Amino acid sequence: MNLTSFFIYCVVVTFTPGPTNIVILSSVHHSGAKKTMEYVGGATIAFGLLLAASTILNQILAEIIPSLLSIMQIIGSLYMLYLAYQIYKMGSTEAQHKQSANFVSGLLMQFVNPKVLLFTLTVIPSYVMPYYTTSLASFLFVIIITVIGFLAFSTWVVFGAVFKKFLQNHQKVINTLMALFLVYSAIMVSGFL
C-alpha cells in the first residue's frame, strides 16, 4: 500500500473546499466556533458511518465479484481526476452555502454531499482492500480516515477566517497544487503502475 498516496488523497479530499467545509466556514462567521463544532460533530459521525457502510458493502461485493476491486480502483482513479479538475477550475467567487450550524444538519449534510459519498465509496476499495483483507484492518482504516475528516472539519472551524482570506488571495496556486496532488494519487491508485 502506498501510504503517501493514501494520506495525500485523504487530506486533499477532506481539507479542500467542498460543501461541508464551505458550510463550516460560513457557520463560523455567522454562528461562532462553538455552535459550528456541533455541526462538525454531526458531520464527523456521518462521515464515519458512511465509511463503515461503504467498507462492509465493498467487502461483500469483493467476495461475490472478485474483479470488482480492480473496477473500483479504476473508478476511484477517475473520480480523483474529476476532483482534481473541479479543484483546479474552482473560482474565488463561488457562493457559500448558508445553513444552520447544528448537529443534525451536520449529520444530514454528509448523506447528500456527493464529494463525501464518492470519497467513502472509493477510498477503502482503492487503498485498503488490495492490501488488507481482515475486518480489523478495514475498521482501523475507517477510524484513521474519520479522524482525518474530523481534523479537516476542525481546521476549517479554527482557522475559518484566516483560510477564507488566504484562499481568496492565493486560490489559483492552492487549487493547482491540490489538483496535482490528486492527479498523483489517481495514478498511484489506478493499478496501472
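This is a friendly walk through the structure shown above, from the whole chain down to single residues.

The model is predicted, so local features need pLDDT of at least 70, side-chain atom pairs count only at pLDDT 80 or more, and totals for chains, interfaces and linings use all residues. Residues are numbered from 1 along each chain as its sequence is written, and side-chain values use heavy atoms, with hydrogens and water left out.

Let's begin with the overall plan. The chain has 8 helices and 0 strands, and along the sequence the pattern reads α-α-α-α-α-α-α-α. Here helices (H or I, at least four residues) and strands (E, at least two) are DSSP runs, numbered from the N terminus. Of the 193 residues in the chain, 47% are buried. Buried means under 20% relative accessible area, exposed means over 50%, and partly exposed lies in between, with a 1.4 Å probe and protein chains only. The accessible surface of the chain is about 9700 Å², and carbon and sulfur atoms account for 73% of that surface. Such areas come from the Shrake-Rupley method with a 1.4 Å probe, and for residues only the protein chains shown count as cover.

How do parts of the chain meet? Among contacts between residues at least 6 apart in sequence, 87% join residues at least 24 apart. A contact means heavy atoms within 4.5 Å.

Now find helix 1, which covers residues 3–15. At 1.5 Å a residue, its 13 residues should span 18 Å, and the end C-alpha atoms are indeed 18 Å apart. The expected span is 1.5 Å times one less than the number of residues. At the N-terminal end, Asn2 acts as a cap, with a side-chain oxygen 3.1 Å from the backbone nitrogen of Thr4. This is a polar contact, a pair of N or O atoms within 3.5 Å; within protein, one must be able to donate a hydrogen and the other to accept it, and residues adjacent in sequence count only if both atoms are side-chain atoms. Buried residues of helix 1 include Ser5, Phe6, Ile8 and Tyr9.

Phe6 leads us to the aromatic rings. A pair of aromatic rings is described by the distance of the centres and the angle of the planes. Rings of Phe, Tyr and Trp (its six-membered ring) pair if their centres lie within 6.5 Å; planes under 30 degrees apart count as stacked, over 60 as edge-to-face and the rest as tilted. A search of the whole structure finds 8 aromatic pairs. In one of them, Phe6 and Phe141 sit edge-to-face, 5.4 Å centre to centre and with 90 degrees between the planes. This pair links distant parts of the chain, since Phe6 is in helix 1 and Phe141 is in helix 7 (residues 135–158), 135 residues apart. Both Phe6 and Phe141 are buried. Ring pairs also join residues into a cluster, with Phe6, Phe47, Tyr127 and Phe141 among them.

Stay in helix 7 to meet Gly149. Gly149 counts as buried because its relative accessibility is 0%. Leaving aside neighbours within four places in sequence, Gly149 is in contact with Thr14 and Phe47. Thr155 also lies in helix 7, and a polar atom of its side chain is 2.6 Å from the backbone oxygen of Leu151.

Next comes helix 2 (residues 19–31), whose 13 residues reach 17 Å from first C-alpha to last, close to the 18 Å expected. Its buried residues include Thr20, Asn21 and Ile22. After helix 2 comes Gly32, with a positive phi near 90 degrees.

What about charged side chains? Side chains of opposite charge can pair when their charged atoms come close. The search finds 1 salt bridge in the whole structure, between Glu38 and Lys35 at 3.4 Å, N to O. A salt bridge is a side-chain nitrogen of Lys or Arg within 4 Å of a carboxyl oxygen of Asp or Glu. Both residues lie in helix 3 (residues 33–64), 3 residues apart, about one turn of the helix. An α-helix has 3.6 residues a turn, so residues three or four places apart point the same way. Glu38 is partly exposed because its relative accessibility is 36%, and Lys35 is partly exposed at 33%.
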